[in-house]
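Reader: I'd like a close look at a single part of this model, one of its sheets. Walk me through how the strands are put together, then place that part in the rest of the chain.

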Amino acid sequence: MQDNNESSRDTCRSDNFDFRLIFEKSRKNTFNKCPHLPDALARASLDIPELSEPEVMRHYTALSKLNFGNDTGMYPLGSCTMKYNPRFTEYLAALPQNMVHPYQDETTIQGSLKIMYMLKKHLMEICGMDDFSLQPAAGANGEFTSMAIIKSYFERKKDDRSEVIVPDSAHGTNPKSAAMAGFDVVEIPSNEQGYVDTKILKKAVSEKTAALMLTNPNTLGLFEKDILEIAKIVHDAGGLLFYDGANLEGIIGRVRPGDMGFDCMSLNLHKTFAAPHGGGGPGSGPTGVKNLLADLLPAPTIEYDGKKYYLDNNRPHSIGKVHEFYGNYLVMVRALGYIMRLGSTGMKRISEFSVLNSNYMVSRLSKAYELKNPEIPRKHEAVFSAAKQKKHDISALDIAKRLMDYGVHPPTIYFPLIVKEALMIEPTETESKESIDNYCDVLLRINEEIEKDPETVKTAPHTIVVGRLDDVFAARKMILRWSPALLTDNPCNPYSITQHKKNDLH
Ligand SMILES: Cc1ncc(COP(=O)(O)O)c(C=O)c1O
């Protein structure tokens, strides 16, 4: 564990860091017009920062050093699967052969089509589905695509089912996707242990039920052991089962959603299949279906007729497009490379290490941080609670901020909503025992600090360049674009940060 209190305070960079934006560093009229440029071609003015190349370089390099990513340290953001993304997939994505244009004639992009076709076939095999569309751009987009498919399926059957059941532990995108597709969302509470309560589910299903949305393992990291009974309850009521594949790393290579009874699903290639997640994407959320829904997939689909690969636009029952062209192609290249490199043995190792790492972490932390039913093995993640720490007036947010002082990334906090003061930690399969030990040591040390010196935790972070931000101010007065006016403390200035603080918030 890094010794924080003395040494990292000493290395605190905030005193030395030059916070000025590049516009503020600019020295106006420093650089003369190039003497060889004819006057007629010269601009009268150009409002860009005026700095030398080394100054620009140093400005951005200094900023990049403030960033935190998986290449810098452990990033166990529960549910987000921020695992290490291998460099060879980046190499594949950067190959010049991938620089094709979506309007190119099919005969000239046979290689790219083959990559997409092969990926679709692998995903069908891994997930036990009969077909896949690679168009959706993220997990949530894939959920919506599945919901739109289910809507269209029942409309074509002239069955006006209007409800989608979602457990209270579901990711927030699930109810949103169902609502966007035009369904009414019925939330069901989880049982005491965090599983779907089959008695409550039986009461919730009816002739109105179009689908149940479920992720397995669920957001608490628990495998829904009653999944076959759950599938039967929904199917007997005439509904369909949707699988949110965002937690697939907990079971990949061992159990397939198709075999558990799911009729359609979404994946997050940018989580499970090692393309970066977060930072604005691009992502990829392929949508898989069983045969009964295959006709409805977004068009075009990628097909092979034994001689050539082609885009099949002749799909009269398709729900239409959910993304321009064929989705985010370079994420697919990375995913296919990853799947082929790991092979079926490697797929099994993903879930093996994902589960091992989570349970090792549970064994180290569950005495200090509250965890319901610690004896039940977790799959990919565990959701602790800072309820004990709250008695010392320390919240999950305070702990998250203090973690930053130790050079690691905080976990997801306050989600899922069913756990008070939630700390949702997902170590992922790519972390070593040493890095998990370091993370656990830090959390245990913070727990000791809470008893001995809660103020240090309450006022964290102390060692990173930006201290505690005013979240309320940031949310209410979202300023997304820099303007010179931001710096002027003028009562009439609508952009003045100082005025906003004085007038509106306190
Ligand atoms: C369980 C679960 N479902 C859905 C999503 C949404 O995926 P995306 O962020 O790709 O839209 C996430 C995101 O992390 C998730 O964890």
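Author: Let's start with the pairing of S10 and S12, which is antiparallel and runs over four bridges. Strands here are DSSP runs of E with at least two residues, helices are runs of H or I with at least four, and both are numbered from the N terminus. Two strands count as paired if DSSP finds at least two bridges between them. Before going on, a caution: this is a predicted model, so local features need pLDDT of at least 70 and side-chain atom pairs count only at pLDDT 80 or more, while totals for chains, interfaces and linings use all residues. Residue numbers start from 1 along each chain as its sequence is written.

One of the contacts across that first pairing is alanine 382, whose bridge partner in S12 is isoleucine 425. S12 (residues 422–425) also pairs with S11, again in the antiparallel sense, this time over two bridges. Here threonine 412 has methionine 424 of S12 as its bridge partner. Put together, you get an open sheet of three strands in the order S10-S12-S11, with antiparallel pairing. S10 (382–385) and S11 (412–413) are the edge strands; each has a single partner strand, so one side of each is left without a neighbour in the sheet. As for what holds such things together, strands of a sheet pair through backbone hydrogen bonds, either parallel or antiparallel.

Now look at the side chains of S12. Ala422 and Met424 point one way, Leu423 and Ile425 point the other way, and all are buried. Buried means that 20 or more other C-beta atoms lie within 10 Å of a residue's own; 12 or fewer makes it exposed, and anything in between is partly exposed, with C-beta atoms placed from the backbone.

Just ahead of the sheet, the loop between H12 and S10 holds asparagine 373. Its phi is near 45°, a positive value in a residue other than glycine. That's worth a glance, because most residues other than glycine have a negative phi, and most peptide bonds are trans. Asparagine 373 counts as exposed because it has 12 C-beta neighbours inside 10 Å.

H12 (residues 329–365) leads us to the core: it gives twelve residues, the largest share, to the largest nonpolar core. That core has 109 residues, and Leu241, Met332 and Ala335 touch the most other members. A nonpolar core is a set of buried Ala, Val, Leu, Ile, Met, Phe, Trp, Tyr and Cys residues joined through C-beta atoms within 7 Å.

Zooming out, the protein chain has 18 helices and twelve strands. Buried residues make up 40% of its 506 residues. Its C-alpha atoms fill a box of roughly 70 × 70 × 50 Å along the principal axes. Among contacts with a separation of 6 or more, 71% join residues 24 or more positions apart, a contact being two C-beta atoms, placed from the backbone, within 7 Å.

Two cis peptide bonds are worth checking too. Alanine 299 and proline 300 are joined by one with omega of about -5°, and proline 300 sits in the loop between S7 (287–289) and S8 (301–304). The bond from alanine 460 to proline 461 is also cis, with omega near 5°, and proline 461 lies in the loop between H16 (454–458) and H17 (471–476).
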